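Open the model in your viewer and keep the selection box at hand. The tour goes stop by stop, saying what to select and what is there.

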Amino acid sequence: MSDIITTIDTGVMTLRLNRPAKKNALTKAMYAALTDGLTQAAADDAIRAVIICAEGADFCAGNDIFDFAQDLALFQDDTADHDDMPVFRFLKAITFFEKPLIAAVQGQAVGVGVTLLLHCDLVVASDDARLSLPFLKLGLVPEAGSTLLLPARIGHQRAFAWMALGEVIGAEAAKDLGLVNTVVARDGLDDAARHMAERLVRLSPSSLRHTKAFMRDPEALWQVIRQEGAIFRKQLISSEAQAAFAAFLAR
């Protein structure tokens, strides 16, 4: 069974993370499959909206550290084409995606499992959702344009506190901050996301595309993502980051 299950039904593509035993931590192959799905959806006029969701108890525990560690040397190589790495291809695809994007979040959402939500137009969360951004604890910096998107969404002080102090934010608090549109019971999560998508499918595709375009500046956002990535790579070789990764891999 694939770690990303892609389905299309009545104008809606669903990209379902399917690695529940690993809390849906993302691997290079999963990033590539997500990118392929978004690329297909962007090119197919019959697909009017995309849902990103997950199997199991948790939405996404961030990057798979074991898979990620295999690419540490490439991340640190300033001569490499980092834009062609699976993670950056995914970030570029989600940044420039013109159609409505919906996320359905349950359980733990960590790191990129949170920052990708900032690229979504609608987010529904189950009442057990818990969001965290542990980048600074790992000696890293946030990614996916979150240093731009998160302060714009919730204000500098709250964004900085969340990133720096490592707090875990529950579903209702995330809704109060404007990170989540609605909170539902766990067993109603998929239906709620599907209902949102079906309402969007009934609207004019061009009206949706133009409206989303007016609300975003993907070119400027992509430059921030690339700048974050450059510092992220430098932080990877810091003693703090090296110690954090070594401690994790030793467990």
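Which strands does helix 9 lie across, and at about what angle does helix 9 run to strand 6? Select residues 189-201 to see helix 9. This is a predicted model. Helix 9 lies across strand 1, strand 2, strand 3, strand 4, strand 6 (122-126) and strand 9. Its direction is at about 165 degrees to strand 6.

**The six-stranded sheet**

Next, show the strands under that helix. Six strands make up an open sheet with mixed pairing, in the order 1-2-3-4-6-9. Strand 1 (4-9) and strand 9 (182-184) are the edge strands, and each of them pairs on one side only. On average, neighbouring strands in this sheet are turned by 20 degrees against each other, direction ignored.

**Strand 3 and its neighbours**

Select residues 49-54, which are strand 3. Are the faces of strand 3 covered or open? Both are covered: Ala49, Ile51 and Cys53 are buried on one side, and Val50, Ile52 and Ala54 are buried on the other. That makes six of six residues in strand 3 buried.

Now add strand 2, residues 12-17, which pairs with strand 3 in the parallel sense over six bridges. Two places to look at along this pair are Val12, which stands opposite Ala49, and Arg16, which stands opposite Cys53. To follow the chain from strand 2 to strand 3, select helix 1 (residues 28-43) as well: the path goes through this helix, and the β-α-β crossover is right-handed. Helix 1 lies across strand 1, strand 2, strand 3 and strand 4, and runs at about 175 degrees to strand 2.

Strand 3 also pairs with strand 4 (residues 101-105), in the parallel sense and over three bridges. Here Ile51 stands opposite Ile102.

**The loop after strand 3**

Select Gly56, in the loop between strand 3 and helix 2 (65-69). Is Gly56 buried, partly exposed or exposed? Its relative accessibility is 28%, and partly exposed residues lie between 20% and 50%, so Gly56 counts as partly exposed. Leaving aside neighbours within four places in sequence, Gly56 is in contact with Pro20, Gln106 and Arg186. Select Lys23 too: it is 33 residues from Gly56 in sequence, and their C-alpha atoms are 7.6 Å apart.

**The three-stranded sheet**

Move to another open sheet, of three strands in the order 5-7-8, with mixed pairing. Strand 5 (108-110) and strand 8 (169-170) are at its edges; each has a single partner strand, so one side of each has no neighbour in the sheet. Strand 5 and strand 7 (residues 130-132) run parallel and are joined by three bridges. Ala109 has Leu131 in strand 7 as its bridge partner.

**The nonpolar cores**

In soluble globular proteins, nonpolar side chains tend to be buried together. The largest nonpolar core here has 64 residues. Show Leu38, Val50, Phe59, Val105, Leu150 and Trp162, which touch the most other members. Helix 4 (residues 86-95) gives this core its largest share, six residues.

Zoom in on Leu150. Not counting residues up to four places away in sequence, Leu150 touches Leu118, Leu133, Gly155, Ala159, Trp162, Met163 and Leu179. For the last stop, select Ala104, Ala197, Leu200 and Leu208, which are among the 16 residues of a second, separate core.

Methods. Residues are numbered from 1 along each chain as its sequence is written. This is a predicted model: local features need pLDDT of at least 70, side-chain atom pairs count only at pLDDT 80 or more; totals for chains, interfaces and linings use all residues. Side-chain values use heavy atoms; hydrogens and water are left out. Buried means under 20% relative accessible area, exposed over 50%, partly exposed in between (1.4 Å probe, protein chains only). Helices (H or I, at least four residues) and strands (E, at least two) are DSSP runs, numbered from the N terminus. Two strands pair if DSSP finds at least two bridges between them. A crossover is right-handed if, with the strands pointing away from the viewer, the path from the first strand over the helix to the second runs clockwise. Contact means heavy atoms within 4.5 Å. A nonpolar core is a set of buried Ala, Val, Leu, Ile, Met, Phe, Trp, Tyr and Cys residues joined through side-chain atoms within 4.5 Å. Axes are lines fitted to C-alpha atoms, for helices over the stretch in contact, and angles run from 0 to 180 degrees between N-to-C directions.
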